[in-house]
Amino acid sequence: MNGPGLRVVVVGAGLAGLTAAVDLATAGADVTVLEARDRVGGRMHGVGMSGVVADGGAAYLGVRHTELLALIREHGLDVASTAMTGDSTFLMSDHRTTTASRVPPLDAVALGELFDRLEDLVGQVRTDAPWQSRQAGRLDRMSAARWLAEEIRHPDAGTFFPLFIGEMMAADPTAISALHMAFYLRSGGGIRYLNAFEGGAQQWRIDGGAHLLTLALARRLGDRVRLGHPVCAIKQDAGEVVVQTVPDVAHTCSEYRADQVVVAIPPLLAQRIEFRPALRMPRATAATGRGCAVKVHLSYPTPMWRESGLSGWSVSSAGPLLSTVDDSPPDGSAGVLTGFVTGAAASAFSALSAAEQREAVLAHTRVLFPQLPPPTQCTVTDWLAEKYSRGCYAALFGPGDWLRLGPSLTAPHGRVHWAGTETSLEFFGLMEGAIRSGRRVAAELIHGTEQVTVSRKAMAL
């Protein structure tokens, strides 16, 4: 049964799940969305900051993000430019400098060689099937850190590399495979595009916060979205599929019956669901990691750093704030400085108490921007500690993961279909990838493409 009358349960009300649910509902399917949290949006989350809202999760987009831009226009939203004027601030080995350049004051030859080697590596990867890339086996076995050690030994390359990978992927280079690093960079449009504000993947923000888009999608679905419904089991037979939620305070477990299910949650969460019959291939392995990102927002009455000729953009060689960026509203009615704690620094920072986190952030900010007064507000969005995200920006594929997980990334498991930015071979890890995955899985169910039915024999296994 496809299209009108099809009963579908969507697990997860992030951007991928909501996109799939809206497409399915528009086609006439009977859709129910089950979300574990008390809000929609997943890894898109608005944080209130002194009268404005900052992006606690996914935030930036560019001209190549065509599906995202189309949804923004469709729902009457707008974008705000991230263009910055003023000098950058760098804190390298406790030495603070300011300069008009966005390139850290490190050896230019070493950094040039690093990017040349990275470009060569990225060019080898097949985005349609990374596991079939040239030297895929070797690249998937080695960590990104090992790749760097074999390619370039200059200490300035060693200083810059984890900062770059942390900013691009929220990853520690020791924990991801070289194949995953290369695929991620190519899938997102290439190194130069991903790393750029003007004309790149960080050209705009959604005005008012990216969470507004997920709220708009959820409004279209109305009471089809059920919050506070974490899924614990998905059981299917030849006739239907039953989705069970975690027992509530009264120890009652809800059940939802459907013809098909869309699982649109991160791989580490999907792996924790009980499937009957069991998955033939896992959604995550022991090597699969959480995206190591913590976002810190500091608010000020105005973007006061601009008065000193600074852009708010900074890079530090040590944490907690490995980078900062000016995320103030377009009218300058408030000053919002966003700090990124990524990679190994994020894991260490997440282990601190809230008071210790705040103390570390304020101490670092005083060194970066000594001319600023204390912020009026300091908020921390710790994605490593988020029970229903298990990290951000996206799951990190460790050594061996692409060869093991890649071939079955989107293959349905009987009546169970997969969505989420980690299932998209285009713009993996980005909002654009999430939308494209939702559209793909909705098309599978509406048009029957790649649909797999479950035989009674399979149910007996």
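# Exercises on a predicted model

Glutamine 135 is located in the loop that joins H3 to H4; helices (H or I, at least four residues) and strands (E, at least two) are DSSP runs, numbered from the N terminus. The model is predicted, so local features need pLDDT of at least 70, side-chain atom pairs count only at pLDDT 80 or more, and totals for chains, interfaces and linings use all residues. Residues are numbered from 1 along each chain as its sequence is written, and side-chain values use heavy atoms, with hydrogens and water left out.

## Exercise 1. Backbone exceptions

Task: describe the phi angle and accessibility of glutamine 135 and of aspartate 94, and list the cis peptide bonds at proline 277 and tyrosine 393.

Solution.

Step 1. Glutamine 135 is not a glycine, yet its phi is positive, about 60 degrees. With a relative accessibility of 35%, glutamine 135 is partly exposed. The classes are buried under 20% relative accessible area, exposed over 50%, and partly exposed in between (1.4 Å probe, protein chains only).

Step 2. Aspartate 94, in the loop between strand S7 (87-92) and strand S8 (95-99), also is a residue other than glycine with a positive phi, near 70 degrees. Aspartate 94 is exposed, at a relative accessible area of 74%.

Step 3. A cis peptide bond runs from arginine 276 to proline 277, with omega near 0 degrees; proline 277 sits in the loop between S15 and S16. Another cis bond links cysteine 392 to tyrosine 393, with omega near 20 degrees. Tyrosine 393 belongs to the loop between strand S20 (377-382) and helix H13 (401-405).

## Exercise 2. The two sides of H3

Task: state the span of helix H3, then assign its buried and exposed residues to faces.

Solution.

Step 1. H3 covers residues 108-124, which is 17 residues, and extends 25 Å from first to last C-alpha, close to the expected 24 Å. The expected span is 1.5 Å times one less than the number of residues.

Step 2. Buried in H3 are Ala110, Leu111, Leu114, Leu118, Leu121 and Val122. Viewed down the axis of H3, these buried residues lie within an arc of 105 degrees, so they line one face of the helix; the arc is that of the directions from the helix axis to the C-beta atoms. An α-helix has 3.6 residues a turn, so residues three or four places apart point the same way.

Step 3. On the face turned away from the buried side, H3 carries the exposed residues Ala108, Val109, Asp116, Asp120 and Gly123.

Step 4. The cover over the buried residues of H3 includes helix H4 (136-141), helix H5 (144-151), helix H6 (155-169), helix H7 (178-187) and helix H8 (191-195).

Step 5. The N-terminal end of H3 is capped by aspartate 107, with a side-chain oxygen 3.1 Å from the backbone nitrogen of valine 109.

## Exercise 3. Surroundings of three residues

Task: place threonine 285, histidine 65 and glutamate 74 in the structure and list what they reach or touch.

Solution.

Step 1. Threonine 285 lies in the loop between strand S15 (274-276) and strand S16 (293-300). Threonine 285 is buried, with a relative accessible area of 17%. Its side chain reaches the backbone nitrogen of alanine 287 at 3.0 Å. Apart from neighbours within four places in sequence, threonine 285 is in contact (heavy atoms within 4.5 Å) with Asp401, Arg404 and Leu405.

Step 2. Histidine 65 is in the loop between strand S5 (60-61) and helix H2 (66-74) and is buried at 2% relative accessible area. Not counting residues up to four places away in sequence, histidine 65 touches Tyr193, Ala201, Phe427, Leu430 and Glu432.

Step 3. Glutamate 74 belongs to helix H2 and is partly exposed at 48% relative accessibility. The side chains of glutamate 74 and arginine 220 make a polar contact at 2.8 Å. A polar contact is a pair of N or O atoms within 3.5 Å; within protein, one must be able to donate a hydrogen and the other to accept it, and residues adjacent in sequence count only if both atoms are side-chain atoms. Glutamate 74 and alanine 216 are 142 residues apart in sequence, with 9.9 Å between their C-alpha atoms.

## Exercise 4. The second largest pocket

Task: give the volume of the second largest pocket and the elements that line it.

Solution.

Step 1. The second largest pocket holds about 470 Å³ of space. Its lining has 22 residues, of which Val103, Phe115, Phe160, Phe164 and Asn195 are the closest to the centre. On a 1 Å grid over the protein atoms alone, a pocket is an open set of points with protein on both sides within 12 Å along at least five of seven lines, and lining residues have an atom within 4 Å of a point.

Step 2. At least two lining residues come from each of H3, H6, H8, strand S17 (310-316) and strand S19 (335-342). H6 gives the largest share, five residues.

Definitions and conventions:
On a 1 Å grid over the protein atoms alone, a cavity is a set of points where a 1.4 Å probe fits but cannot get out, and a pocket is an open set with protein on both sides within 12 Å along at least five of seven lines; lining residues have an atom within 4 Å of a point. Grid points are joined across faces, edges and corners, and a volume is the space filled by probe spheres set on the points.
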